[in-house]
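Let's take a walk through a protein model, one piece at a time. Keep the picture open and turn it as you read.

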Amino acid sequence: MTRKGNTIFFKNSPRILSYAAVVGSKESEGIIGSYADIALADDMYGESTYEKAECKMLSTAISLAIEKGGLKQGDIDVLLSGDLLNQIISASFAARDFDFPFLGLYSACSTMSESMLLGATLVDGGYAKNAVCATGSHFASAERQYRYPLELGCTRPPQAQWTVTGAGGLVLSRKGGRIAIINGTMGRVCDLGVTDVNNMGAAMAPAAADTIMRHFKDTGTEPGDFDLILTGDLGALGSRILKDLTWEKGFDISANHVDCGEIIYKVIESEFQGGSGAGCSASVLNSYVLTKMDAGLYKRVLFAATGALLSTVSSGQGESIPCISHAVELEYCG
Amino acid sequence: MTGKTRENYNRNYLNYVKTQDPPTKHFKNCLAAFGVGGLICCIGQFIRYTLEYVGLSGDELAGATSIILIFLGCLLTGLGVYDRIGRYAGAGSIVPITGFANSVTSPAIEFKTEGWIYGMAAKMFTVAGAIIVFGVCSGVIVGLIYLFL
């Protein structure tokens, strides 16, 4: 393992052994529907509350990923997971179902890439043979925590995004699997002063631009070297801003940039700018993107999930929204 | 909180974001609000006429009409219809009394999972509380103006 700037280069290139995604009914109508392992018909997932449903989705994604990798619970050394709810209850409660150790993370919607970065570090350093990285979110539980009650009849502003109901998990291992994590860039908190909680795309775009450009610089690559530059949940508006921000600094990513939030929904009802939430990048990566990579259709992917590190208290007190983005570079290696 | 204050916000970026923002469709929202709000009021008026025909009058008539509208607002909230109307109605479904019913019922449904007392009952007025406070305040102010005129 070596370091340059804020980028960690993995010597043993940890592999993604297996992955799994559980998505909600609305999400399954979009492009990821046929790639996800489980598409829920009922967003309650047979539970009595949405929080329990979110927890069950996450737990299911974790156990499915382990099962698909042909492993047993005893083979897993650590679970790295987090979610959006207060005190990361979904992740901690999901970890009750398993015997292996759990490290709770909070990085809002960029939890997927943060967990992959940390998981890869542990596996690469030999501190863990198999590590599970997972996260998820639920529209109803996020809406209740961050916004209004579900049934309240209010108009959504056109910048708004729709929190994805979905969970994704993957197993990182020293051997096996055709996709390797070759390096990762740690994010810096960026805050350019956006205070509008309905405009997460604009708040998060500078963080994504910062991390992606530092990644290019540290690794000596340029946008054209990647088949896909995948961001988490910037949405349509945030993606436009990201392209502008990077273009301004001399990196043209418009040809191969894709945003998970922008592509996840097919029906444009009131999702407006697209999906958001920790489950957004987790479910798109662990279904559509990794399946395509496994088949060799994408050779090199930069995955930079973005997170808005705000709470209802901070936004209520008029604070602006600090944002972060962590990136990991994935490579197909036959 | 930290060294990040309003003074060192990136003005350029914020101005740039403003140019990229999709505009709120004020005209369309106003039109929808006019239509939906008007329709709800027409339904209210229809209920009033019907009750008048049945034989109610005065305060009883006004009370009964409001009660029926509030009931309908709560029922539609419980059935998950009112939020869908609200999404397209601009403010048309918020302003009438049905909107107030919706703002009380929706948190009540939502927080029922946290128990009847500390969940449903305590959180029932999270949205409507503000309406009540400022409603009463503006009522007092208008009343005082009326008194001295």
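Is A:Glu114 buried or exposed? Before we settle that, keep in mind that this is a predicted model. A:Glu114 has 15% relative accessibility, and the cut-off for buried is under 20%, so A:Glu114 counts as buried. You'll find A:Glu114 in helix H4 of chain A. Who does it touch? Setting aside neighbours within four places in sequence, A:Glu114 is in contact with A:Leu105, A:Tyr106, A:Ser107 and A:His326. There's also a nice example of folding to spot here: A:Glu114 and A:Met186 sit 72 residues apart along the chain, but their C-alpha atoms are separated by 8.0 Å.

Now zoom out to the whole of chain A. The domain assignment splits chain A into domain 1, residues 14-173, and domain 2, residues 179-332. Measuring over C-alpha atoms, the centres of these two domains are 18 Å apart. How many residues does each domain bring to the contact? Domain 1 of chain A puts in 47 residues, and domain 2 of chain A puts in 57.

There's another way to look at a meeting like this. The size of an interface is often given as the accessible area lost when the parts come together. For domain 1 and domain 2 of chain A, that comes to about 4300 Å², with 64% of it on carbon and sulfur atoms. Look for A:Tyr19, A:Tyr35 and A:Gln161: they supply 17% of the area that domain 1 of chain A buries against domain 2, more than any other three residues.

What about polar links across this interface? The rule finds zero salt bridges between domain 1 and domain 2 of chain A, but it does find 16 residue pairs in polar contact. On the domain 1 side, the elements that give two or more residues include strand S3 (15-23), helix H4 (111-124) and helix H5 (139-146) of chain A. Sorted by class, that side of domain 1 of chain A has 27 nonpolar, 14 polar and six charged residues.

Next, bring in chain B. Chain A and chain B each give 35 residues to their contact. The area buried between chain A and chain B is about 2900 Å², and carbon and sulfur atoms give 53% of that. Within chain A, the residues that lose the most area to chain B are A:Arg144, A:Glu151 and A:Leu192, together 23% of what that side buries.

How many salt bridges are there between chain A and chain B? The count is two. In a salt bridge you can look up yourself, the side chains of A:Arg144 and B:Glu114 meet, at 2.3 Å from N to O. Chain A and chain B also have twelve residue pairs in polar contact. The elements of chain A that give two or more residues to this side are H5, helix H6 (200-219) and helix H7 (235-248). The largest share, five residues, comes from H7 of chain A. By class, the side of chain A that touches chain B divides into 15 nonpolar, twelve polar and eight charged residues.

One last stop: A:Asn199, in the loop between strand S10 (179-185) and H6 of chain A. At 2% relative accessibility, A:Asn199 counts as buried. Not counting residues up to four places away in sequence, A:Asn199 touches A:Gln159, A:Val194 and A:Leu237, along with B:Val17 and B:Asp21.

How values were computed:
Residues numbered from 1 in each chain as written. Chains lettered and ligands numbered in written order. Predicted model: local features only at pLDDT ≥ 70, side-chain atom pairs only at ≥ 80, totals over all residues. Heavy atoms only, no water. Domains from an automatic or database assignment. Contact = heavy atoms within 4.5 Å. Buried area = accessible area lost by both parts, 1.4 Å probe. Salt bridge = Lys/Arg side-chain N within 4 Å of Asp/Glu carboxyl O. Polar contact = N/O pair within 3.5 Å; in protein donor to acceptor, adjacent residues only side chain to side chain. Helix = DSSP H or I, 4+ residues; strand = E, 2+ residues; numbered from the N terminus. Nonpolar A, V, L, I, M, F, W, Y, C, P; charged D, E, K, R; others polar. Buried < 20%, exposed > 50% of the residue type's maximum accessible area, 1.4 Å probe, protein only.
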